[in-house]
Each structure stands twice: as C-alpha cells, then as structure tokens.
Amino acid sequence: MVYGHSDPGRPHIVEPVTLKILVAGGFGVGKTTLVGAVSEIRPLRTEEMLTEAGRPVDDIAGVESKTTTTVAMDFGRITLREDLVLYLFGTPGQDRFWFLWDELATGALGAVVLADTRRLEDCFAAIDYFERRDIAFTVAVNCFEGADHYPEDSVRDALDLDPGTPVVLCDARERESAKHVLISVVEHAMLASARG
C-alpha cells in the first residue's frame with residue numbers, strides 16, 4: 001500500500017492498481033536478466049544449478065556458459081506512479097515447468113516473448129501459448145554478442161507473426177532497453193484492448 005495526503009495532517013491509504021506482464025521465451029534467452037535489469041526491487045529468483053541429470057533435457061547449445069535455470073518464476077516490480085504498480089513475472093523456459101504458466105498468466109495485461117536469433121525456434125511455444133489465449137505480446141530479440149543481427153521484419157517473417165505484433169531489438173542487460181520492451185507491450189495491449 002502507498003500512503004498519500006489529501007487532508008493535511010491525516011494520511012489516507014491509496015490502493016495502487018497493479019498490472020502484470022509475463023516475460024517468457026526459451027531456455028537461456030535472458031528472462032531472468034531482463035526482470036533484474038528493470039526491477040526497482042531485488043528480484044525474487046527461483047534459480048537452481050544445472051546438473052548432469054538435466055543434461056539430456058536442457059539444451060545449452062548457444063548458451064554453454066549458463067550454470068543455473070529458473071525452476072518456478074522470477075518476480076520484479078516497477079512503481080510507475082503512487083497509484084500504479086507493474087509486476088513482472090519471468091516464466092521458466094523448460095517444457096517440464098510449463099504447468100506453472102497458466103497460473104502465472106492469469107490476469108496478465110500482456111507478455112514479452114524474448115527471442116535469441118541463434119535459437120529462434122525456442123520461442124515458438126511461447127508465441128503459440130499467448131496467441132491461443134489471446135494475450136497481447138511483443139517479441140523482443142535479445143541481441144547477444146556474437147549472434148547474427150536481423151531486421152525486425154526478417155524476424156517477424158521467420159516467426160510468422162501477425163503484422164500487428166510488435167518486434168523490437170533489445171539488450172536484456174540494459175535497464176533502458178528493457179523499459180522500451182515493456183512500453184511496447186503496454187502500448188500493444190492497450191491497442192488490442194481498444195480493438196477487442
């Protein structure tokens with residue numbers, strides 16, 4: 001709760017409106033990094049070490065230096081105004097944790113689908129998930145060092161996205177870049193809501 005003053009000497013409680021955005025995508029694409037880059041609080045992370053037992057199911061091709069994985073969710077918060085708070089929920093990237101997605105998606109304003117051009121096929125499942133549930137989303141291409149960079153239209157064509165689905169380039173490590181991605185999601189969700 002946030003406290004405000006409408007009457008000098010007597011504070012009143014302002015119940016903030018909360019908005020939820022999901023950050024989804026394939027394994028090792030930068031979801032935890034994006035939530036951490038933009039959150040005003042130290043993010044809640046549910047990361048565990050990668051183990052030999054997970055090697056057959058956790059494809060680390062392209063992200064060989066990855067040593068941990070999200071097993072439930074990441075959580076971050078951004079206070080936009082006294083009466084408006086944005087909650088960020090990073091989803092786990094592996095299929096075996098997808099049972100959590102329905103709970104995380106309940107009440108979501110929209111979503112970010114993070115993509116890595118080295119493993120573009122890893123974001124198909126997240127795109128399908130949000131399209132089937134009619135949740136507005138933006139595809140954010142995380143521009144990893146050493147990865148080929150492609151124009152947004154090329155990525156849109158490769159992912160067979162609807163023309164109105166935003167595609168933006170980003171660096172999930174950079175706060176301003178992550179903010180730009182979130183603004184794109186909110187704007188797209190507002191347009192989709194106005195049309196719907």
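Modeller: Contact here means heavy atoms within 4.5 Å. The model before us is predicted.

Colleague: Which residues does Phe130 touch, not counting residues up to four places away in sequence?

Modeller: With those sequence neighbours set aside, Phe130 touches Leu22, Ala24, Trp101, Ala111, Val113, Ile135 and Phe137.

Colleague: How many residues has the largest nonpolar core, and which have the most contacts inside it?

Modeller: A nonpolar core is a set of buried residues of certain kinds, joined through side-chain atoms within 4.5 Å. In this structure the largest such core has 25 residues. Those with the most contacts inside it are Leu22, Val113, Ile127, Phe130, Phe137, Val139 and Leu159. Two or more residues come from each of strand E3 (17-25), helix H2 (101-105), strand E7 (110-115), H3, E8 and H4. Of these, H3 gives the most, with 4 residues. A second, separate core has 19 residues, including Leu34, Val35, Ile78 and Leu114.

Colleague: Which residues of helix H4 are buried, and why are they on the same side?

Modeller: Buried means under 20% relative accessible area. In H4, which spans residues 152-159, the buried residues are Val155, Arg156 and Leu159. They lie on the same side of H4 because they cover an arc of only 100° around the axis.

Colleague: What covers the buried residues of H4, and which exposed residues does the face turned away carry?

Modeller: The cover includes helix H3 (124-132), strand E8 (137-142) and strand E9 (167-170). The face turned away from the buried side carries the exposed residues Asp153 and Asp157.

Colleague: Which residue follows H4?

Modeller: Asp160 follows H4, and its phi is positive, near 55°.

Terms used
Residues numbered from 1 in each chain as written. Predicted model: local features only at pLDDT ≥ 70, side-chain atom pairs only at ≥ 80, totals over all residues. Heavy atoms only, no water. Buried < 20%, exposed > 50% of the residue type's maximum accessible area, 1.4 Å probe, protein only. Arc of directions from axis to C-beta.
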